[in-house]
Structure formats: C-alpha cells, structure tokens
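Trainee: Could you take me through the salt bridges of this model, and show me how they connect with the metal site? I would enjoy a close look at that part.

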Amino acid sequence: MAGYTLVAREHKQEDTIIRLGEVVIGGSAKVYMAGPCAVESREQLLTTAKLVRQGGAQMLRGGAFKPRTSPYDFQGLAEKGLEYMAEAREATGLKIVTEVMDISAVPVVAQYADILQIGARNMQNFALLKTVGRLDKPVLLKRGLSATLEEWLQAAEYILYEGNQQVIFCERGIRTFTTHTRNTLDMSVVPVIKQVSHLPVIIDPSHGTGRRDLVESMALAGLAAGADGILVEVHPNPEEALCDGPQSLNPKEYFSLMQKLRAMEDFLFRLARPRAVGE
Ligand code: PEP
Ligand code: MN
C-alpha cells in the first residue's frame, strides 16, 4: 500500500489539465509564474506586475502571508497584500498565486487568489491540506524541505481525497549537505512524478538555488526535464527586497530568462513532433 491512490497515474491515465480562464496548466504549453517573494507595497507590486506581464508570464506570484524563519523578519502585509494582488490582477489580467499559511486564513486567501500556495514548511500540515481540499480552487503544493517523493504524493492525496482534484506540484529544492546553494533542486523528481502521477509539476529555481545567477540555467533545465512550468522570483530592485533578494531576478534578467524559456519551449515542441522521413 503506497499510501496514495487518487494522485496515481494508475488511477487516472491521462494528464490532469487545470484551466484558469485562458491559462492552461499541464497542457502542451508551459506556464510561467513570476513576482516578488513578498508583496511589500502597492507601488512595488504594481510595478512588478507590469514587468511580469511584459515579459510574458501568465501568473503573478507574491506572498501576503510570509512564513519567515525568524519572527523578527518581515511577515507580509496580510489582507492589504491580497488587495494589492487583486488590484494588480485588474491592472494586468495576470492570474494570482499566493500562499495560505494556516486554516484561519483560508477563507480570506481563497476570496482573492486564483491559486492557493501551500508552502514547503506546511506540506505536512494535514489540517490545512484537508481544508484546501474542500475548495474549488487549484492548489500549488510545494515540496517539504526534507520530504520524500512518497510523502509529497501523500500530502497531495489529502487534498484530492477531500474532493479538490486541482493540485500542482512545485519542486523548490530540498535540504542536503551542500553549501554552494540554499537548497538542492531535485530535477530528477520531475520525470519521476510524470511517471507515477497524472498531476502537473512545476519548478521553482529561485528557492531551489537561492542564487540569482543560477536561476536561468535551472529554469531551462526544468523545462528540459519535462516540467509544466516555472515559478521565479522577480523584484524591480532586488538589493532592496524585504525578502529573498539574493535569489530574485532584476527586470533585465527576467526578460532575458523569458526569452530563453520561450526558445526552449519551441525547441522541445519541435523535438517532440514526429517528422516524416527525409524532412
Ligand atoms: C515562497 O514561495 O516565497 C516560499 C516561501 O516558498 P517555500 O515555501 O518553497 O519556501
Ligand atoms: Mn521567497
């Protein structure tokens, strides 16, 4: 008994495709989510949202409720942050993804978000998983800092078991003995998830490396590994970011990344397309 059934490919052969209006997650086109680690101010968010739109991502990410290791660190703007996210959606047409940290905040986050993020630190908060499992909204389920694939699949099973079939896995790096990166991005988990589950999976190279200079190569590698999309942190001025500045792309880096991701997407599409003999 693997501890999961509903998430398994054996249970459902065809890929799960999640639709949010025109945005399709898990289909043949890739999905890009970008934005600041935290919503810091109205101006910061609206400026970033415009950049994100301009670069071609379909979704704006940004935390209003932030899980911080130290209680002295910036904790997010809470509902005010959600209001700014909604305003950014109005202004740009981007869908919004934002984290929900505890059960009590589920109603307010669900009122604003298009996708609810469950953070790495909450991957095994079973009460929270059950609560979002009763919503009719997609859930982005980040991998726990030290979670095995089985534990991650079982966490998703909690959500599907409650009725919500719209789960997107997000590989964001796990803790290992290395010190050259913040986390170790487990790229090989992508094709393995594709084998064992029908649910979409995306890569977060920002938290996965903690280093801005590594985000581009790992994002491209993520698409090559078969990920359905990429989530990256972007800030108009990373040096002044209140959270995760060292791993946030500046606008120029973000535009360059999006250009390369589209080229990679085209290349992968051609690679997958069967050719006639002699073509
Ligand atoms: C985030 O997306 O900013 C975040 C806190 O992610 P994680 O839960 O993966 O650390
Ligand atoms: Mn972050």
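Mentor: Happily! A search of the whole structure, which is a predicted model, finds 16 salt bridges. Let us start with the pair formed by Arg143 and Glu171, whose closest N and O atoms are 3.0 Å apart. Arg143 sits in the loop between strand 7 (139-142) and helix 5 (149-161), while Glu171 belongs to strand 8 (residues 167-171), so this pair ties together parts that are 28 residues apart in sequence. Both partners are away from the surface by the numbers: Arg143 is buried, with a relative accessible area of 4%, and Glu171 is buried too, at 0%. Nor does the story end with two residues, since Asp186 joins Arg143 and Glu171 in a network of salt bridges.

Next comes the bridge that leads us to the metal. Arg182 pairs with Asp244, with 3.1 Å between the closest N and O atoms. Arg182 lies in the loop between strand 8 and helix 6 (189-196), and Asp244 in the loop between strand 10 and helix 9 (251-272), so the contact ties together parts that are 62 residues apart in sequence. Here the two ends fall into separate classes: Arg182 is partly exposed, with a relative accessible area of 40%, whereas Asp244, at 15%, counts as buried.

Now look at Asp244 again, for its OD is one of the protein donors of the manganese ion (ligand 2). The other donors are Cys37 (SG), His207 (NE2) and Glu233 (OE), and the set lies 2.1 to 2.4 Å from the ion. Along the sequence, the donor residues follow the spacing C-x169-H-x25-E-x10-D. His207 is in helix 7 (residues 205-209) and Glu233 in strand 10 (residues 229-233), so that pair of donors ties together parts that are 26 residues apart in sequence. His207 is buried, with a relative accessible area of 8%, and Glu233 is buried at 0%.

One more salt bridge is worth a visit while you have the model open. Arg212 pairs with Glu239, and their closest N and O atoms are 3.9 Å apart. This pair also links distant parts of the chain: Arg212 is in helix 8 (residues 212-224) and Glu239 in the loop between strand 10 and helix 9, 27 residues apart. As for accessibility, Arg212 counts as partly exposed at 22%, and Glu239 as exposed at 62%.

How values were computed: Residues are numbered from 1 along each chain as its sequence is written. Chains are lettered from A and ligands numbered from 1 in the order in which they are written. This is a predicted model: local features need pLDDT of at least 70, side-chain atom pairs count only at pLDDT 80 or more; totals for chains, interfaces and linings use all residues. Side-chain values use heavy atoms; hydrogens and water are left out. Donors are N, O and S atoms within 2.8 Å of the metal (3.2 Å for Na, K and Ca); water is not among the atoms, so sites may look incomplete. Helices (H or I, at least four residues) and strands (E, at least two) are DSSP runs, numbered from the N terminus. Buried means under 20% relative accessible area, exposed over 50%, partly exposed in between (1.4 Å probe, protein chains only). A salt bridge is a side-chain nitrogen of Lys or Arg within 4 Å of a carboxyl oxygen of Asp or Glu.
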